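Visitor: I would like a close look at a single part of this protein, with the rest brought in only as far as it helps to place that part. Could you take me through it carefully?

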Amino acid sequence: MSQWEIRMSNSKKVPYFFNTESKQSVWEAPPNLSEEEIKGLPGYEYLSNPHAGQVRASHLLIKHKDSRRPSSWKEENITRTKEEATEILRGHEAKINGSTDKFTELASKHSDCSSHTHGGDLGWFGRGQMQKPFEDAAYGLKVGEISDVISTDSGVHLVLRTG
């Protein structure tokens with residue numbers, strides 16, 4: 001039984017080989033492993049699909065005074081209510097009208113998240129990495145679909161599943 005397994009790097013987002021006995025990590029397959037042995041390793045699916053079990057999403061976040069960090073790149077001290085934030089987000093939703101290009105454009109200009117610099121793109125993530133309501137929304141969408149308004153401790157969001 002091999003002491004090697006394949007894991008996914010959180011920082012580089014690429015698979016690596018990990019020796020469970022020595023705790024050694026290497027990027028390249030250990031030379032003593034055959035192709036067949038590599039195919040039988042736990043985590044092999046990361047080599048063929050590095051995003052197995054993950055989704056990719058963008059969001060447009062509007063914070064409110066009860067958000068866990070009521071400040072953003074746009075406003076140092078956010079004082080609007082949750083209801084006001086939701087109303088603002090509904091206005092953006094109406095302008096988006098299902099258009100992923102419009103979503104990206106409005107997220108770039110109006111999202112209270114630092115991801116606004118990437119059109120709201122949060123990259124790939126797996127279960128347990130986002131707040132539960134956000135995760136449930138992202139996993140519940142098909143690629144290209146946009147959620148209804150989602151409320152989390154961070155504020156109110158529209159979520160666009162991109163992968």
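**The second largest pocket and its setting**

Guide: In this predicted model, the second largest pocket is lined by M8, S9, N10, K13, Y46, P50, A52, Q54, W124 and Q129. Sorted by class, that lining consists of five nonpolar, four polar and one charged residues, and the volume of the second largest pocket comes to about 180 Å³. To place the pocket, it helps to know that the protein is divided into domain 1, which covers 4–48, and domain 2, which covers 54–161. Because both domain 1 (4–48) and domain 2 (54–161) give residues to the lining of the second largest pocket, the pocket lies between them. The centres of domain 1 and domain 2, taken over C-alpha atoms, are separated by 35 Å.

The largest pocket can be set beside this one: about 340 Å³ of space lies in it, and its lining is made up of 19 residues, of which H59, L61, R68, C113 and S154 lie nearest its centre. By class, the lining of the largest pocket has six nonpolar, nine polar and four charged residues.

A last part of the surroundings is a pair of helices, α3 (residues 82–96) and α4 (residues 100–110), whose axes come within 9 Å and cross at roughly 150°. The crossing in which α3 passes α4 is right-handed, and the contact is made by H92, K95 and I96 on the α3 side, with K102, F103, L106 and H110 on the α4 side. The residues of this contact between α3 and α4 divide into three nonpolar, two polar and two charged.

Conventions
Residues are numbered from 1 along each chain as its sequence is written. This is a predicted model: local features need pLDDT of at least 70, side-chain atom pairs count only at pLDDT 80 or more; totals for chains, interfaces and linings use all residues. Side-chain values use heavy atoms; hydrogens and water are left out. On a 1 Å grid over the protein atoms alone, a cavity is a set of points where a 1.4 Å probe fits but cannot get out, and a pocket is an open set with protein on both sides within 12 Å along at least five of seven lines; lining residues have an atom within 4 Å of a point. Grid points are joined across faces, edges and corners, and a volume is the space filled by probe spheres set on the points. Ala, Val, Leu, Ile, Met, Phe, Trp, Tyr, Cys and Pro count as nonpolar, Asp, Glu, Lys and Arg as charged, and the others, Gly among them, as polar. Domain bounds come from an automatic or database domain assignment. Axes are lines fitted to C-alpha atoms, for helices over the stretch in contact, and angles run from 0 to 180 degrees between N-to-C directions. Helices (H or I, at least four residues) and strands (E, at least two) are DSSP runs, numbered from the N terminus. A crossing is left-handed if the near helix is turned anticlockwise from the far one by less than a right angle, and right-handed if clockwise. Contact means heavy atoms within 4.5 Å.
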